[in-house]
Amino acid sequence: MISLRRSEDRGHADHGWLDTRHSFSFAGYFAPAFMGFGALRVLNQDRVRPGRGFGSHGHADMEIVSYVLEGVLEHEDSIGNRFQLRPGDVQLMSAGTGVTHREYNASGTETLHFLQMWVEPMRGGTEPRYQQRAFPAEERRGRLQLLVLPDGAEQSLVIGQDARLYAGLLAPGEETFLSPRAGRRAWAHVARGRARVNNAVLENGDGAAIIGERGLAIEGRAEAEILVWELA
């Protein structure tokens, strides 16, 4: 079964410096039918104006994944990390017992466009950790590249939850396939472009809850950038 979450049905807030869309309930947006999907609690698509960003704030017991689509994201945190991320870069901050951080647009001229995703951890009270890796476009072109999983295989980032995150870049007519493990479910999100997932067509910004499908045939219908979470 595939249930679509259309882009225009997501929560939306325009704060001037930030234009954000929420697939699930977040901050002032409350949708009882969309409180999350398994351990995936937040999937926000954020556009941040040049030179602006999220001021220093705290988190605890959350796995926070950032995926940059356009622009330059600068990260700074209380455990000594300060890095920049560009398109194709992925950041995973395990907040654990608590960490403060700020995320902002490092460019004075270009908009920052990125996905912010929060996953509830399997265990609370762990030591905070920060990870970052570049996944070049050629690694994601025509296939689903594994970005995040619990054991760090295939040079992926290590998440404190039984969850996997994939990303792919598909040209029109290009197809790839994913076989979720038995009893697993998936959430697909089209960050850009247009794609078909089995018999469902997802437009730019659309998401889909996928339950009970034995396999996922994913085809680009236009140049498409798609992310897929596989979850317990």
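This is a short tour of one sheet and a few residues to select in your viewer.

Before you start, note that the model is predicted: local features need pLDDT of at least 70, side-chain atom pairs count only at pLDDT 80 or more, and totals for chains, interfaces and linings use all residues. Residues are numbered from 1 along each chain as its sequence is written, and side-chain values use heavy atoms, with hydrogens and water left out.

**Stop 1: the sheet**

Strands here are DSSP runs of E with at least two residues, numbered from the N terminus. Show the cartoon and look for an open, antiparallel sheet of seven strands, in the order β2-β3-β4-β11-β6-β9-β12. Two strands pair if DSSP finds at least two bridges between them. Select 11-14 for β2 and 129-134 for β12: each of these edge strands has a single partner, so one side of each is left without a neighbour in the sheet. Strands of a sheet pair through backbone hydrogen bonds, either parallel or antiparallel.

**Stop 2: β3 and β4**

Now select 18-22, which is β3, and 40-48, which is β4. Five bridges join these antiparallel strands. Arginine 21 stands opposite glutamine 45 of β4.

**Stop 3: threonine 20**

Is threonine 20, in strand β3, buried or exposed? Threonine 20 is buried, at 3% relative accessibility; buried means under 20% relative accessible area, exposed over 50%, and partly exposed in between, with a 1.4 Å probe and protein chains only. Its side chain makes a polar contact of 2.5 Å with the side chain of aspartate 46. A polar contact is a pair of N or O atoms within 3.5 Å; within protein, one must be able to donate a hydrogen and the other to accept it, and residues adjacent in sequence count only if both atoms are side-chain atoms. Measure from threonine 20 to arginine 47 as well: they are 27 residues apart in sequence, with 6.3 Å between their C-alpha atoms.

**Stop 4: histidine 22**

Move along β3 to histidine 22, which is buried with a relative accessible area of 4%. Which side chain does the side chain of histidine 22 join through a polar contact? The partner is asparagine 44, at 2.9 Å.

**Stop 5: two positive phi angles**

Select alanine 27, in the loop between β3 and β4. Its phi is near 50°, a positive value in a residue other than glycine, and alanine 27 is exposed, at 73% relative accessible area. Finish at asparagine 198, in the loop between β18 and β19. Asparagine 198 also has a positive phi, about 55°, but this residue is buried, at 13%.

Technical notes
Helices (H or I, at least four residues) and strands (E, at least two) are DSSP runs, numbered from the N terminus.
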